[in-house]
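Hi,

Here is the structure I said I would pass on. Have a look at it first, and then read my notes underneath.

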Amino acid sequence: MTPERVRIREVGPRDGFQNEPEIVPTDAKVRLIDLLARTGVQRLEATSFVRADVIPQLADAEEVLDRIDPPAEVAVSVLIPNEKGLENALRRRERFQEINVFLSASETHNRKNVNRSIEESLTGLERVLGRAREEGLRCEGVISVAFGCPYEGHVPPARVFEIARRLRDAGAQEVGFGDTTGMANPAQVREFFGAARAALGAELELTAHFHNTRGQGLANVLAALEAGGDSFEASFGELGGCPVPRGATGNIATEDLVSMLHEMGVETGISLERLIEAARAAQAVLGRRLGSHVLTAGPVEWKG
């Protein structure tokens, strides 16, 4: 059974821009974020407080937060890698309402991504979540490679759910499950989200973060939706994604997701036309054609 309305978090300004080979100018970031913030989207991941020498594309995090002008109803979130990142972000506490923390569901991916074991990451993130809740911030914990790891293969759902419990108990009100390299399929996703709801309880918001690496992103959305997923993360223009495997596309495009949901009669509160306008603006800034299908074909038009 599909719900009448779903929540969507736009992650392109962080997940998308950090994966660009060139640094997107701050002026352009601010303009694009302000366009997105006026599409009707109510959750927007603006940037991340990561080390500038590691991800120089997001070195302007504080300036971006200072300069964007989102409507009051838009909840701005920032990605926090560790305690130092939270400390830096709190210098701009009044400019955002939510944080996202992250780790991987496989030891190998976590080591390659953040050079820590899963336990080391969890211990640090538990402190981050506790401090963030003290600051009145809403918290999401994102678990990468939750549906399969390119290095280890199968990832047992029981392991993913145990990590999710740790994040929940530390203060995360929402857990996002990432199909980081596009290995998930709809049958797997349907079973996973049904089991996740049973394992994690009714109060925790369950969010899906699908990549369109092998063209199954929207099919996986439908499977998660029918199995009890509450919300989704997507990126305008299909920006972002993981560089493994080679040639991988990005996240599912927000405009493709919104178009599909609206055609199904599921409300999002987002204007598809304004979203396409923002994606076109991003395409102009980046100087290349983006992967979104709706950006190419336009919205469905019913005649008669």
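Below is what turned up, going from the whole chain to one helix and then to the aromatic rings.

Bear in mind that this is a predicted model. The chain has 12 helices and eight strands. Its radius of gyration is 18 Å, and the globule rule gives 19 Å for 304 residues, so the chain is as compact as a globular protein of that length. If you want the outline, the C-alpha trace spans about 55 × 45 × 35 Å along its principal axes. Buried residues make up 54% of the 304. Of the contacts with a separation of 6 or more, 73% are between residues 24 or more positions apart. The accessible surface is about 12800 Å², with 48% of it belonging to carbon and sulfur atoms.

Next, helix α6. It covers residues 118-134, and its 17 residues reach 24 Å from the first C-alpha to the last, close to the 24 Å expected. Which of its residues are buried? They are I118, S121, L122, G124, L125, V128, L129 and A132. As a reminder, an α-helix has 3.6 residues a turn, so residues three or four places apart point the same way. The buried residues of α6 pack against three helices and two strands by name: α4 (83-89), α5 (107-114) and α7 (157-170), plus β4 (98-104) and β5 (138-144). Just past the end of α6, G136 has a positive phi of about 80°.

Now the rings. The count comes to eight aromatic pairs. One of them joins F17 and F236: the centres are 6.4 Å apart and the planes are at 70°, so this pair is edge-to-face. F17 sits in the loop between α1 (12-16) and α2 (26-36), and F236 in the loop between β8 (231-234) and α10 (254-263), so the pair ties together parts that are 219 residues apart in sequence. Both are buried, F17 with a relative accessible area of 2% and F236 with 0%.

Another pair, F147 with F210, is tilted, at 5.8 Å centre to centre and 40° between the planes. This one also links distant parts of the chain: F147 is in the loop between β5 and α7, while F210 is in strand β7 (residues 205-210), 63 residues away. F147 and F210 are buried too. Ring pairs join these two with F161, F177, F192 and F193 in a cluster.

One last thing to look at: K112 lies over the face of Y151, 5.1 Å from the ring centre.

Cheers

Key
Residues numbered from 1 in each chain as written. Predicted model: local features only at pLDDT ≥ 70, side-chain atom pairs only at ≥ 80, totals over all residues. Heavy atoms only, no water. Helix = DSSP H or I, 4+ residues; strand = E, 2+ residues; numbered from the N terminus. Expected span 1.5 Å × (residues − 1). Buried < 20%, exposed > 50% of the residue type's maximum accessible area, 1.4 Å probe, protein only. Contact = heavy atoms within 4.5 Å. Phe/Tyr/Trp six-rings, centres within 6.5 Å; stacked < 30°, edge-to-face > 60°. Lys NZ or Arg CZ within 6 Å of the ring centre and 35° of its normal. Rg over C-alpha atoms; globule rule 2.2 N^0.38 Å. Areas by Shrake-Rupley, 256 points an atom, 1.4 Å probe, with all protein chains shown as cover.
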